[in-house]
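User: Please take a close look at one helix in this model and at what surrounds it. Then place that part within the rest of the chain.

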Amino acid sequence: MTSRPRKPVPLPEARWPTAEEARGARLFTPATLRTLTVHERTWVPAMVPWRATEDGQVTPDNLDWYGRFARGRPGVLVAEATGIRDVRSGPLLRIGDERFLPGLRDLVARVREESEGRTRFFIQIIDFLTVRRRPETETFFSRYWKPGAAHRERLAALDDDEAWLSADDQGMRAHLAAAERETWAAVLEPRELRDLEYGYRDEVNDVHLPHVAELPTVLPGLFADAAARAREAGFDGVELHFAHAYTMASFLSRTNRREDGYGGSRAGRARLPLEVIEAARAKVGDDYVLGCRYLGDEVIAGGSRVDDAAWYGVQFAQAGLDFLSVSKGGKFDDAKQPRVGHAVYPYTGPSGHECMPTVRIDADGPFGRNVPLAARVRGAVREAGHATPVVAAGGLCTFEQAEGILQREEADFVASARQSLADPDWFLKMRTGQGESIRRCTFTNYCEGLDQMHKQVTCKLWDKDFDKDAPCTPLSWDGRRRLLPPDWEPQT
Ligand SMILES: Cc1cc2nc3c(=O)[nH]c(=O)nc-3n(C[C@H](O)[C@H](O)[C@H](O)COP(=O)(O)O)c2cc1C
Ligand code: SF4
């Protein structure tokens with residue numbers, strides 16, 4: 001294991017292509033996803049901007065956000081993880097009911113208009129399980145914890161005092177609430193200790209909970225209906241979110257121990273995702289783009305590795321997915337302990353650091369560090385006789401990286417999240433030989449910090465030399481940050 005360097009790894013040197021060189025680059029050649037021509041192999045993956053209404057409806061800020069990315073005319077732009085259920089989830093987009101369609105249609109129209117029809121607009125659709133905030137110790141013991149015989153026995157053994165065996169609930173609660181961590185660790189079940197220290201969350205293994213047991217029954221229909229709505233709203237394609245800390249990734253995880261046919265073996269773990277794909281395909285039809293994002297490596301103890309990912313990739317290709325977007329990590333399992341009153345955030349632990357790697361991650365740095373996973377998946381899929389395109393992401397921010405990945409056939413599309421956030425025009429600047437004016441991402445994750453605090457996501461570079469009092473500049477709720485990057489007009 002490499003240790004964290006005190007100094008950040010420098011950004012890779014960038015040599016930007018001339019317009020002529022760009023014209024000959026594979027990066028700017030078209031590709032086909034099923035029936036859809038994508039004009040170039042550049043891709044902006046999903047990024048939640050925290051700009052929807054509390055009810056999950058599209059706002060003018062959402063229109064501006066996606067419109068601004070579209071102005072940079074990437075080959076594909078993927079709208080943020082959008083909830084498939086009709087439940088409140090804060091200012092994140094939702095697609096769990098027909099009433100979301102008008103707003104989503106406006107979003108599609110805005111992207112078409114701003115990109116002059118060049119950018120293909122997909123939407124990432126997601127299911128997630130309950131995650132509660134970390135409780136106050138008092139509240140946990142008085143409200144959520146249920147003392148049982150095993151707790152009493154462990155406390156009696158710990159204190160060498162049999163009186164605990166017949167202690168009433170109130171006495172147990174009061175004693176534990178005032179106790180040290182050592183006592184909690186000895187008396188509580190591991191899951192209870194986690195609920196206390198990190199906040200309660202559902203797991204796919206919790207089959208004693210009816211709503212978790214029934215996930216395989218309800219999710220194919222929910223995903224399929226959401227995918228059909230996406231098509232109705234005019235999106236060019238759907239990306240099923242099978243990655244990171246969320247429900248479908250948990251089914252694919254080696255940590256899925258369900259014994260109902262939807263866990264355990266690789267085939268068991270892939271069963272629900274494959275049923276979701278089948279249901280979604282049946283609803284959207286054979287002439288529509290349907291792909292998924294999933295993990296090349298979970299980066300957690302006992303989690304799935306690239307061998308699993310390669311195997312899943314072949315199954316997904318066989319099931320008729322039109323693209324496989326490969327991500328890494330981003331799990332709850334190893335996330336940092338949240339402060340009381342905050343929810344655990346899946347990008348704070350080692351797996352989270354791999355998902356959005358910074359210049360301090362280790363001596364290798366963030367630049368292209370996840371490409372081998374995409375390459376491995378692609379190799380397995382090709383070997384199995386499928387031409388399904390693979391999307392690579394993670395620290396991709398120069399022309400040479402992007403073109404090299406495509407030339408070496410490590411992936412078929414190059415996705416850049418943070419570099420595109422720093423400068424949504426960067427692909428267009430490269431294509432038109434104006435790379436020198438690219439605002440380069442520093443990979444220090446100011447934006448991720450905002451996401452963690454559920455604040456409107458912005459890039460710190462947008463605020464450089466920025467006159468807050470300039471008219472018509474939309475600002476964040478606190479009035480301190482630009483909500484949009486500076487404008488840029490291509491020189492023709
Ligand atoms: C603010 C922010 C929000 C993100 N939201 C999502 C999301 O909704 N869905 C998703 O699959 N990935 C999400 N990601 C992860 C990115 O899509 C991408 O995989 C990751 O940032 C690594 O790529 P990069 O090095 O090009 O930034 C988000 C990343 C950032 C910085
Ligand atoms: S805030 Fe930092 S890491 Fe995020 S896009 Fe901007 S420069 Fe990159």
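Analyst: Helix 2, residues 60–71, has 12 residues, which at 1.5 Å a residue should span 16 Å; its end C-alpha atoms are 16 Å apart, so the two figures agree. The model is a predicted one, and the values here are computed from it.

The buried residues of helix 2 are N62, W65, Y66, G67, F69, A70 and R71. Their cover includes two strands, strand 3 (42–44) and strand 4 (76–83), together with helix 3 (101–114) and helix 17. Just past the end of helix 2, R73 has a positive phi of about 50°.

Helix 17 leads from here to a ligand site. Besides helping to cover the buried residues of helix 2, helix 17 (418–422) gives two or more residues to the shell around ligand 2, as does helix 19 (446–452). The contribution of helix 17 is three residues, the most that any element gives to this shell. In total, 13 residues lie around ligand 2, and those that come nearest are R418, C441, Y446, C447 and C459. By class, the shell divides into eight nonpolar residues, three polar and two charged.

Helix 16 (residues 399–407) can be described in a similar way. Its buried residues are F399, A402, E403, I405 and L406. These residues lie on the same side of helix 16, because they cover an arc of only 155° around its axis. The elements they pack against are helix 15 (371–383), strand 9 (390–392), strand 10 (413–415) and helix 18 (426–431). Just after helix 16 comes E409, with a positive phi of about 60°.

As for the setting of these parts, the protein chain has 19 helices and 10 strands. Its radius of gyration is 24 Å, close to the 23 Å that the globule rule gives for 492 residues, so the chain is as compact as a globular protein of that length. The C-alpha trace spans about 85 × 55 × 50 Å along its principal axes. Of the 492 residues, 49% are buried. Among contacts with a separation of 6 or more, 71% join residues 24 or more positions apart. The cover of helix 2 by helix 17 is one case to look at in the structure.

Definitions and conventions
Residues numbered from 1 in each chain as written. Chains lettered and ligands numbered in written order. Predicted model: local features only at pLDDT ≥ 70, side-chain atom pairs only at ≥ 80, totals over all residues. Near = placed C-beta within 6 Å. Helix = DSSP H or I, 4+ residues; strand = E, 2+ residues; numbered from the N terminus. Nonpolar A, V, L, I, M, F, W, Y, C, P; charged D, E, K, R; others polar. Buried ≥ 20, exposed ≤ 12 C-beta atoms within 10 Å, placed from the backbone. Arc of directions from axis to C-beta. Contact = placed C-beta atoms within 7 Å. Rg over C-alpha atoms; globule rule 2.2 N^0.38 Å. Expected span 1.5 Å × (residues − 1).
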